[in-house]
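Good morning, colleagues. Please take a moment with the sequence and the coordinates before I turn to the charged pairs and the surface.

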Amino acid sequence: MFRHNGPAAGRGSEAARRARALDWLRQVSAMPAEDVLRQLGTPEGGLDPRQVELSRVTYGSNEVARARRKPAIVRLAQSFVDPFNGILALIAVVSLFTDVIWAQPGKRDPWTVVIILAMVVLSSLLRFVQEGRSGDAAQALAKTIQTTCNVERADEGRVEIGVDQVVVGDILHLGAGDMVPADARVTSCRDLFVGMSSLTGESVPLERTAQAAPVAGTDSRAAGELPNVLLMGSTVVSGQATAVVVATGANTMFGAISGQLGQSRHKTSYDEGIRSVSTLLLRLMVVMAPLVFAINGITKGDWLEAALFSLSVAVGLTPEMLPMIVTTCLAKGAVDLSHDEVIVKRLDAIQSLGAMDVLCTDKTGTLTEDRVMLERHLDVMGNVDPNVLRYGFMNSFYQTGVRNLMDSAIIRRSSDLCGTDVGFDVDAVASEWTLVDEIPFDFERRRASVVVGDRSGHTLMVTKGALEEVLQACTRVRYDGHVAPLTSERSAEVVARAAGLADRGLRVLGVAIAQDPAGVHDLSSADEKNMTFVGYLAFLDPPKQSAAAAVAALREHGVQTKVLTGDSLRVACSVCKVIGIDVTGTLEGSQVELMDDAQLEASVERTTVFAKLTPDQKVRVVRALRARGHVVGFMGDGVNDAGAMRASDCGVSVDTAADVSKEAADIILLKKDLGVLERGVVTGRRTYANMNKYVKMTASSNFGNIFSVLVASAFLPFLPATAVQLLLLNFIYDVACTAIPWDRVDEEDLTRPRTWAPGEISSFMRWIGPTSSVFDVLTFALLFLVVCPAAVGGSWSSLAGDPARQALFAATFQSCWFVESMATQVLFVHLVRTRKVPFFQSMADPRVCALDVAAVALAIAIPNSPLAEALGMAALPVAYYGWLALVVAGYAALVLVVRHLYVSRFGRLL
């Protein structure tokens with residue numbers, strides 16, 4: 001027993017296993033059913049328990065690879081792995097040595113370490129909790145009732161078992177609605193149609209037969225093209241079948257696709273962007289911190305103090321709250337999407353969704369409804385003809401076999417149009433005619449015929465089926481209201497009109513009739529002759545109602561839509577035309593197969609529709625688009641989409657999709673409304689805008705402060721701020737920025753895709769950062785020459801012999817700059833968060849305003865509080881408040897001017 005050369009469990013690479021599985025399916029397709037059973041060693045009555053166990057040991061269990069969720073402890077650890085967390089951790093370690101371990105006993109200050117570690121822990125825990133909740137929700141979708149199937153087992157007969165108990169050699173009994181539990185070879189069937197849209201992308205049910213299907217020469221058929229093979233994951237739409245299992249679990253074609261889920265995920269646009277931004281900040285730290293250390297060491301002579309201050313500069317250059325702000329922005333985006341019934345499995349995917357400029361989508365079940373509708377009933381002239389619909393109804397209604405989807409569509413359409421000008425009286429037909437005889441559908445004739453009779457004894461044969469086969473039975477045609485001979489010219493005209501319908505994405509069946517046919521009650525296919533061709537029935541998998549509006553909305557937001565489908569090119573192009581996708585170029589899978597990666601990359605830009613693609617070819621197309629610099633999203637719901645979803649920057653699926661598809665997805669839509677996807681793009685862009693807003697504003701503001709400190713260090717006899725004061729300044733400002741995830745974003749900032757661009761951040765810092773330094777330097781001069789001498793009662797040089805008054809001078813200076821720096825930083829948020837006039841044309845969210853006011857109030861309160869002495873500060877002089885108002889007003893005016901120049905130069909602000 002089990003002597004065949006099919007794939008054994010766990011042997012070879014994924015690619016080799018797929019090739020071996022396909023080769024085995026081709027072999028069993030070419031063999032007669034009896035030979036397949038004999039080679040598998042399957043008795044007529046099914047396998048006995050010993051054979052079942054031997055098969056399971058030899059070929060493995062019927063389970064496919066799934067992406068297992070990592071343990072909570074691992075996910076918690078991974079939530080701490082972030083480039084910005086790495087920067088902060090490095091600073092914390094250095095601070096631990098300089099401020100605690102190496103510091104003198106009376107000068108040890110652990111607060112820098114504590115504050116930084118608190119930021120890291122809080123942001124990481126927030127990410128862990130949010131992604132954990134999303135993962136729990138996604139897992140809940142996967143919990144379904146145990147799927148079972150009917151198999152024939154020795155001494156037991158037909159039994160119902162779980163699909164995971166199926167083994168190679170089992171005999172399956174399948175009926176309408178059953179899911180195929182493993183790859184199997186049909187041994188007998190009647191009127192068998194299977195749905196394979198989730199596997200191959202074919203929207204129309206495919207016929208299956210039990211006959212052997214050998215091919216001459218090399219067999220290059222895909223698995224879905226084998227006419228007597230059922231693939232795991234397909235469903236029986238109509239008919240009945242007996243089949244023998246030839247492959248299970250990971251060795252099925254379904255399992256080969258599922259195996260891709262175990263591969264490591266590539267770096268997405270979000271990962272690459274975050275890494276590039278963190279690299280930029282590290283470069284700035286490496287340049288600025290040593291420079292500050294050298295200048296202060298030389299000018300002040302206290303190298304230890306200079307080291308501590310340069311460390312605070314490094315901290316000051318880093319947006320310490322960035323991990324928390326980024327995570328909060330992403331979590332806020334996830335919450336917003338949840339209101340649209342969207343589950344976000346991976347928070348980073350929200351930013352990738354907003355950055356997406358190309359959406360690749362499967363057609364069947366994504367752009368279309370994945371159901372068959374009778375779209376048109378036409379005579380041979382192409383005009384709507386109720387008689388054609390009536391004849392089609394009679395054929396579908398009176399046949400005794402299991403109706404397929406097209407029969408159901410004909411009956412449903414007939415009922416819907418009953419009593420209208422383009423319909424007929426369904427009840428009258430059903431009561432007037434009775435079934436006399438029939439010739440069921442078979443795969444050789446590819447047509448079905450029924451003979452019906454009325455009360456007068458008159459009989460009518462109605463034949464419906466594939467156009468060419470129906471025409472073969474006809475000698476006449478109803479043409480322009482008259483019955484005429486079916487000449488070769490008229491036959492060619494009939495075929496050409498049907499081809500025109502097919503070009504519009506319709507599947508066409510022919511309808512013919514014969515009055516009082518011979519052979520009634522002993523009818524055979526030989527009696528299907530001398531018939532009159534009367535017209536066409538054209539079927540369509542209709543586009544989703546939301547598809548056209550969603551595609552248009554995505555286009556307005558700068559997102560191209562490309563269709564990657566396993567269905568035919570004609571059907572795909574037709575759907576694109578209906579929903580408004582401008583097809584600029586097409587490629588079929590056979591063409592993609594002949595291209596190397598460079599040729600494919602050159603072709604994807606000008607191609608809109610990719611048809612007849614295998615799952616691996618979909619992956620290649622997605623990778624080619626990403627190699628061209630695009631941020632690519634992939635939306636699909638079938639098994640054949642899982643690999644492409646993993647290869648994209650953001651995989652999108654729906655809750656009714658195949659389990660493998662949901663596992664590969666980053667975002668799951670709980671309702672099949674493509675409009676939700678467009679709103680998701682806007683949410684992603686709003687999320688990115690607020691993250692980018694924080695990075696640019698904070699980095700440039702901090703850069704301005706450090707630049708100011710650098711200038712002051714060279715000319716002032718004391719530091720403009722102590723290390724603790726600088727850290728406190730940054731901490732208060734960063735806490736105020738925690739409301740930024742809720743900030744409003746101007747509509748014009750949401751109209752096009754955006755992704756992390758270190759070059760933009762660098763240019764923003766260089767242009768906008770020094771603006772604050774201009775007023776900082778003016779403030780330094782004002783404080784050193786006017787405010788502090790008035791408050792202390794003398795200039796710095798006149799206090800040379802009075803250390804106490806010099807200390808008060810320095811403390812007053814540092815307090816005043818602390819408040820001015822906080823006021824300008826907070827105002828800076830409102831001045832550059834929008835290109836519009838701040839506070840008038842564009843107002844920040846009330847939460848942002850409230851925290852900003854609180855930050856300034858706290859900054860003013862600290863020097864006047866009992867904490868001032870511990871922080872090395874002094875009370876603010878009353879006269880300083882007037883000067884502060886003038887400085888802040890001048891600062892605002894200068895920032896607006898520089899902002900205008902920056903926008904004129906670069907065409908954007910944030």
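I begin with a salt bridge: the side chains of Asp 336 and Lys 332 are joined, with 2.9 Å from N to O. Please bear in mind that this is a predicted model. Where do these two residues sit relative to one another? Both belong to helix 11, which covers residues 322–338, and they are 4 residues apart, so about one helical turn separates them. As for solvent access, Asp 336 is partly exposed, its relative accessibility being 21%. The cut-off for buried is under 20%, and therefore the 21% of Asp 336 places this residue in the partly exposed class.

My second pair is Asp 407 with Lys 464, whose side chains form a salt bridge at 3.0 Å, N to O. Which parts of the chain does this pair tie together? Asp 407 is in helix 14 (residues 405–416), whereas Lys 464 is in strand 13 (residues 459–466), so the contact ties together parts that lie 57 residues apart in sequence. Are the two partners buried or exposed? Asp 407 is buried, at 2% relative accessibility, and Lys 464 is buried as well, with a relative accessible area of 7%.

The third pair consists of Glu 528 and Arg 447, a salt bridge in which the closest N and O atoms are 2.9 Å apart. Here Glu 528 comes from the loop between strand 16 (507–515) and strand 17 (531–540), while Arg 447 comes from strand 12 (residues 447–453); the pair therefore ties together parts 81 residues apart in sequence. Glu 528 counts as buried, at 4% relative accessibility. Arg 447 also counts as buried, with 9%.

Beyond these pairs, there is a network of salt bridges that links Asp 362, Lys 618 and Asp 641. How many salt bridges are there by this rule? The count comes to 18.

Let me now turn from charged groups to nonpolar ones. Val 93, Leu 96, Phe 97, Ile 101 and Trp 102 make up a nonpolar patch on the surface, and together they present about 500 Å² of accessible area. One of these residues, Phe 97, is located in helix 5, which covers residues 83–101. Its relative accessible area is 33%, so Phe 97 is partly exposed. Membership of a patch requires over 30% relative accessible area, which means that Phe 97, at 33%, meets this cut-off.

To close, I return to the two buried pairs: Asp 407 with Lys 464, and Glu 528 with Arg 447. Thank you for your attention.

Conventions:
Residues are numbered from 1 along each chain as its sequence is written. This is a predicted model: local features need pLDDT of at least 70, side-chain atom pairs count only at pLDDT 80 or more; totals for chains, interfaces and linings use all residues. Side-chain values use heavy atoms; hydrogens and water are left out. Patches are made of residues with over 30% relative accessible area and no salt bridge: like charges are joined within 9 Å, nonpolar side chains (Val, Leu, Ile, Met, Phe, Trp, Tyr) within 5 Å. Accessible areas come from the Shrake-Rupley method with a 1.4 Å probe; for residues, only the protein chains shown count as cover. A salt bridge is a side-chain nitrogen of Lys or Arg within 4 Å of a carboxyl oxygen of Asp or Glu. Buried means under 20% relative accessible area, exposed over 50%, partly exposed in between (1.4 Å probe, protein chains only).
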